[in-house]
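Here are some short exercises to work through with the model open beside you. Try each task first, then follow the solution step by step.

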Amino acid sequence: MQRTKILSDVVLTPTTAGTASSIGSATCVRLYNNDVGVVTVSISTSVGAATTFNFSIPSSTVEFLEKIPTDVIYTSSQIQANRVAFTN
């Protein structure tokens, strides 16, 4: 059975490319959309860089994002994020 290991306190995601965050150099991020609407997550290779990938998270949904530690993310509205790992 896979379990989630929480490695950091929850933080709120930044909402612009210029303030994008690596979420503590995470390789896996737990994202919880506590907003009332769909939120777009953008992934870039560095702060202020053009967005490389986007995906959407419906309201009240948890998603896990695997990324390179130096990749940064930002969202269309602030949502909760934790640096996590998976255990067996």
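**Exercise 1. Partners of strand E8**

Which residue in E8 is the bridge partner of Leu12?

Solution. Before starting, note that this is a predicted model, in which local features need pLDDT of at least 70 and side-chain atom pairs count only at pLDDT 80 or more, while totals for chains, interfaces and linings use all residues. Residues are numbered from 1 along each chain as its sequence is written, and side-chain values use heavy atoms, with hydrogens and water left out.

Step 1. Fix the terms: strands (E, at least two residues) and helices (H or I, at least four) are DSSP runs numbered from the N terminus. Two strands pair if DSSP finds at least two bridges between them.

Step 2. Go to strand E2 (11–12). E2 and E8 run antiparallel and are joined by two bridges. The partner of Leu12 in E8 is Gln80.

Step 3. Carry on to the other partners of E8. Strand E1 (residues 3–6) pairs with E8 over four bridges, also in the antiparallel sense, and here Ile6 has Val84 as its bridge partner. E3 is joined to strand E8 (residues 80–87) by four antiparallel bridges, with Leu31 opposite Ala81.

**Exercise 2. From E3 to a surface patch**

Find the residue in E6 that stands opposite Arg30, then place that residue on the surface.

Solution. Step 1. Strand E3 (residues 28–33) and E6 run antiparallel, joined by six bridges. Opposite Arg30 in E6 stands Phe64.

Step 2. Phe64 belongs to strand E6, which covers residues 61–66. Its relative accessible area is 36%, so Phe64 is partly exposed; buried means under 20%, exposed means over 50%, and partly exposed lies in between (1.4 Å probe, protein chains only).

Step 3. Phe64 joins Val62 and Phe86 in a nonpolar surface patch of about 230 Å². Patches take residues with over 30% relative accessible area and no salt bridge, joining nonpolar side chains (Val, Leu, Ile, Met, Phe, Trp, Tyr) within 5 Å and like charges within 9 Å. A salt bridge is a side-chain nitrogen of Lys or Arg within 4 Å of a carboxyl oxygen of Asp or Glu. The areas come from the Shrake-Rupley method with a 1.4 Å probe, and for residues only the protein chains shown count as cover.

**Exercise 3. The open sheet**

In what order do the three strands of the open sheet stand?

Solution. Step 1. The order is E5-E4-E7, with antiparallel pairing. Strand E5 (53–57) and strand E7 (72–75) each have a single partner strand, so one side of each is left without a neighbour in the sheet.

Step 2. From one strand to the next, the twist averages 25 degrees. Such angles run from 0 to 180 degrees between N-to-C directions, with axes being lines fitted to C-alpha atoms (for helices, over the stretch in contact).

Step 3. Look at one pairing in detail: strand E4 (residues 39–44) meets E7 over four antiparallel bridges, and Ile43 has Ile73 as its bridge partner in E7.

**Exercise 4. The largest nonpolar core**

Which element gives the largest share of the largest nonpolar core?

Solution. Step 1. A nonpolar core is a set of buried Ala, Val, Leu, Ile, Met, Phe, Trp, Tyr and Cys residues joined through side-chain atoms within 4.5 Å.

Step 2. The largest one has twelve residues, including Ile23, Leu31, Ile43, Ile73 and Ala81. E3 and E4 are the elements that give two or more residues to this core. The largest share, three residues, comes from E4.

**Exercise 5. Two positive phi values**

Is Ile23 buried or exposed, and what about Ser60?

Solution. Step 1. Most residues other than glycine have a negative phi. Ile23 has a positive phi of about 55 degrees, and Ser60 has a positive phi near 60 degrees.

Step 2. Ile23 lies in the loop between E2 and E3, whereas Ser60 lies in the loop between E5 and E6.

Step 3. Ile23 is buried, at 5% relative accessible area, whereas Ser60 counts as exposed, at 53%.
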